[in-house]
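The following report is meant for someone meeting this structure for the opening time. It goes through charged pairs, the contact between chains, and some local details.

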Amino acid sequence: MRGYLFTRAWQSLLTLFLATAVVFLGIRALPGDPALALAGEDRSPEALAAIRAEYGLDQSVFVQFGRFAWNAVRGDLGTSTRTGVEVTAMLGTALPVTIELALLAILLATVLGVGAGTVAAVRRGRPAEWLANGLALIGLSVPHFWLGLVAILYLSVSTGLFPASGFVPFLDDPVANLHHIVLPVVILGTGLSAVIMRQTRSSMLDALGTDYVRTAKAKGLRPRAVIGRHALRNSLIVVVTIVGLQLGALISGAVVTEQIFGLPGFGKMTIDAVFQRDYPVIQAVVLVTATAYIGINFLVDLLYSLIDPRIRVGGAAA
Amino acid sequence: MSVLTVRDLSVVFRTETGPLSVVDKVDLSLDAGEIVGVVGESGCGKSVTAMSLTGLLPSSANVTGSAVLDGTELIGAPESVLRRVRGREVAYIFQEPMSSLNPVLTVGRQIGEVLRVHEGLKRRDARARAVELLALVGIPSPAHRVDNYPHQLSGGMRQRVMIAMAVACGPKVLVADEPTTALDVTVQAGILDVLRDLRERLGTSVLVITHDLGVIADIADRVLVMYAGRIVERAGVHDLFAAPRHHYTAGLLAASPVPGEHAGTHRLREIPGLVPVLVTQPDACTFAERCAAAEDDCRVQEPRLDPPGGSGHGAACWHPVRQRRGAAS
């Protein structure tokens, strides 16, 4: 296990390094000069040169990367070229928003998806399955930005049940925080739950047809025990995989939802940074996203081995 | 004293292409401590018969007839009654011990589950009983094995776990559905020993379902031969091997290799044709199309087991094999 963790950590660092390097070089290949963007009206060569010198843009890409990497290791991600705010501070305010949104949405999606998927599999060919399948189809095919707009229109603007946009940090006012996040969580979560529902349903159908489920029935277990203890647990591998992938995607890309509901989250920060050629922020975004993916993947692998004893991380057979 | 009495048991499956008759008017009885073998080819309805007893068939199966276990009618009984019967009064061992055990639960937990649901044992007590049961079925160092997962055990050990699970609540009837088919020959003998031993010690009646005549010869007291959903011959094990009366039974025996001077030098005789898939059961002998001794009457009237009922040697055949074949069992 220790050897496995060591290998894993080493691989993670390499992945982080490569991801950062590729993006670092990649954004510099994009058209558009940050110095020009920063200079505003005053585009005299002297002003541009001063800006380039200030941000180190006059040095070679490799020197720039080396400096960035060294600073990043020490916890300094630089300052935004746009606002002059420290990037770590920006992450400090944006990440909690996105993490709260992502975790609540994925929780809702998992509960809904696994529940509906199980019902659909167990009640195969009956109205409950048609209902679950129909809802899932709607969830998959209706774009959630549209659903978000409709929700804002009817639940916020005309009835005033929920705030249409904005965010209140949880520690400042928990009730207001939840009040603001309910709509985005529901919109995002129900959309994701459709995918989880479809996957749960098909892997539950497989599990319900297995010999060990027949054994469980032949033992005289109640349907609840047969389904919950025997069939569902064996279906969870698929669910965990999907949830892991979705969570990773959510951390980096709840962009549309954040934009619609005016949440000052990570996705919004990313979009703004890209449009404004804010190099330090983009680099930090990539670093955080890659770290999130690596962390989530690691968690998913650990969960696999908890669910299924045949899978042992590190290949060490128990 | 009969523990289980089955009369006129029929099973029809509703399928997308119409009804399918799988079991037809099966009669069987099982005495206390008796081992009865049910033999036949794949698809002859022997497993379906066994599953139908405790309502384990999918809802597309329509089961009619009667199966009385110690005074309780099982066919058509409510699910709550059947759930109490399953695992406690009638327990099953299935063919493939790897896939029949849940891969994500320890064997101790899977054995303990039966005790917890039927005898209300607490988790710790159930575990302690599971260790005893593993010892009973001959698993070495049971206190260690109880925490193993199925993939950590060999095929033979897994089947022993299945047996331990099946006998946990001391069932009256143990249904062993192809218990040795997936196992090595040497391991097979061990499993059959365990079954025999359990019969001696616990007085359990065993219904052994198999296509393997060797298993039947080894373990059964009486034999039922099934063909296309019907029981075509019923006999004591020695009578069946010494003097089969139904031509299907005779064909099965002729298709089995016999050790001796001809071994390896002459071809085994196969039964020509295939087992029919029946939409409805005809009023005729279903084996007639493949039978060398079939005459016109075989195709117009269904032969019933003669003598009917009881446990004497009987065959459902209008022109039974004459008693001259002396094949050794």
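## Salt bridges in chain B

B:Asp24, B:Lys25, B:Arg230, B:Glu302 and B:Arg304 are linked in a network of salt bridges. The model described here is a predicted one. Within this network, B:Arg304 forms a salt bridge with B:Glu302, and the closest N and O atoms of the two are 4.0 Å apart. As to their surroundings, B:Arg304 is partly exposed, with a relative accessible area of 45%, whereas B:Glu302 counts as buried at 13% relative accessibility.

Another pair in chain B is made by B:Glu289 and B:Arg299, whose side chains meet in a salt bridge at 3.4 Å, N to O. Both residues lie in the loop between α11 (247-254) and β11 (314-315) of chain B, so the pair ties together parts that are ten residues apart in sequence. B:Glu289 is exposed, with a relative accessible area of 64%, while B:Arg299 is partly exposed, with a relative accessible area of 41%. Over all chains, the structure holds 26 salt bridges. Side chains of opposite charge can pair when their charged atoms come close.

The table lists salt bridges that are discussed in this report.

| Salt bridge | N to O distance |
|---|---|
| A:Arg229 and B:Glu113 | 2.4 Å |
| A:Lys219 and B:Glu113 | 2.7 Å |
| B:Glu289 and B:Arg299 | 3.4 Å |
| B:Arg304 and B:Glu302 | 4.0 Å |

## Where the chains meet

How much area do chain B and chain A bury between them? The value is about 2,100 Å², and 58% of it is on carbon and sulfur atoms. In chain B, the residues that lose the most area to chain A are B:Arg83, B:Val104 and B:Glu113, which together account for 28% of what that side buries. The contact takes in 27 residues from chain B and 21 residues from chain A.

Between chain B and chain A the count is two salt bridges. In one of them, A:Arg229 pairs with B:Glu113, with 2.4 Å between the closest N and O atoms. The side chains of A:Lys219 and B:Glu113 also meet in a salt bridge, at 2.7 Å from N to O. Here A:Lys219 lies in the loop between α9 (211-218) and α10 (223-253) of chain A, and B:Glu113 lies in helix α4 of chain B, so the pair joins two chains. Both A:Lys219 and B:Glu113 are buried.

Polar contacts add to this picture, with twelve residue pairs found across the interface of chain B and chain A, both residues of each pair being at pLDDT 80 or more. On the side of chain B that touches chain A, at least two residues each are supplied by β6 (90-93), α3 (97-100), α4 (107-119) and α7 (155-167) of chain B. The largest share of that side, six residues, comes from α4(B).

## Chain A as a whole

Chain A has 13 helices and zero strands. The C-alpha trace of chain A spans about 85 × 60 × 35 Å along its principal axes, and buried residues make up 41% of the 318 residues in this chain. Among contacts in chain A between residues at least 6 apart in sequence, 72% join residues at least 24 apart. The accessible surface of chain A comes to about 16,300 Å², and 69% of this belongs to carbon and sulfur atoms.

Which residues form a nonpolar patch on the surface? They are A:Leu104, A:Leu107, A:Val111, A:Phe170, A:Leu171 and A:Leu178, with about 610 Å² of accessible area together. Helix α5 (residues 87-122) of chain A gives the most to the patch, with three residues. A:Leu107 has its place in helix α5 of chain A, and this residue is exposed, with a relative accessible area of 51%.

## Local backbone details in chain B

B:Asp70 has a phi near 50°, a positive value in a residue other than glycine. B:Asp70 is placed in the loop between β4 (61-69) and β5 (72-73) of chain B, and at 41% relative accessibility it counts as partly exposed.

B:Glu178 likewise has a positive phi, of about 50°, although it is not a glycine. B:Glu178 is found in the loop between β7 (173-177) and α8 (185-202) of chain B, and B:Glu178 is buried, with a relative accessible area of 7%.

Methods
Residues are numbered from 1 along each chain as its sequence is written. Chains are lettered from A and ligands numbered from 1 in the order in which they are written. This is a predicted model: local features need pLDDT of at least 70, side-chain atom pairs count only at pLDDT 80 or more; totals for chains, interfaces and linings use all residues. Side-chain values use heavy atoms; hydrogens and water are left out. Patches are made of residues with over 30% relative accessible area and no salt bridge: like charges are joined within 9 Å, nonpolar side chains (Val, Leu, Ile, Met, Phe, Trp, Tyr) within 5 Å. Accessible areas come from the Shrake-Rupley method with a 1.4 Å probe; for residues, only the protein chains shown count as cover. Helices (H or I, at least four residues) and strands (E, at least two) are DSSP runs, numbered from the N terminus. Buried means under 20% relative accessible area, exposed over 50%, partly exposed in between (1.4 Å probe, protein chains only). Contact means heavy atoms within 4.5 Å. Buried area is the accessible area (1.4 Å probe) that two parts lose on being put together, summed over both. A polar contact is a pair of N or O atoms within 3.5 Å; within protein, one must be able to donate a hydrogen and the other to accept it, and residues adjacent in sequence count only if both atoms are side-chain atoms.
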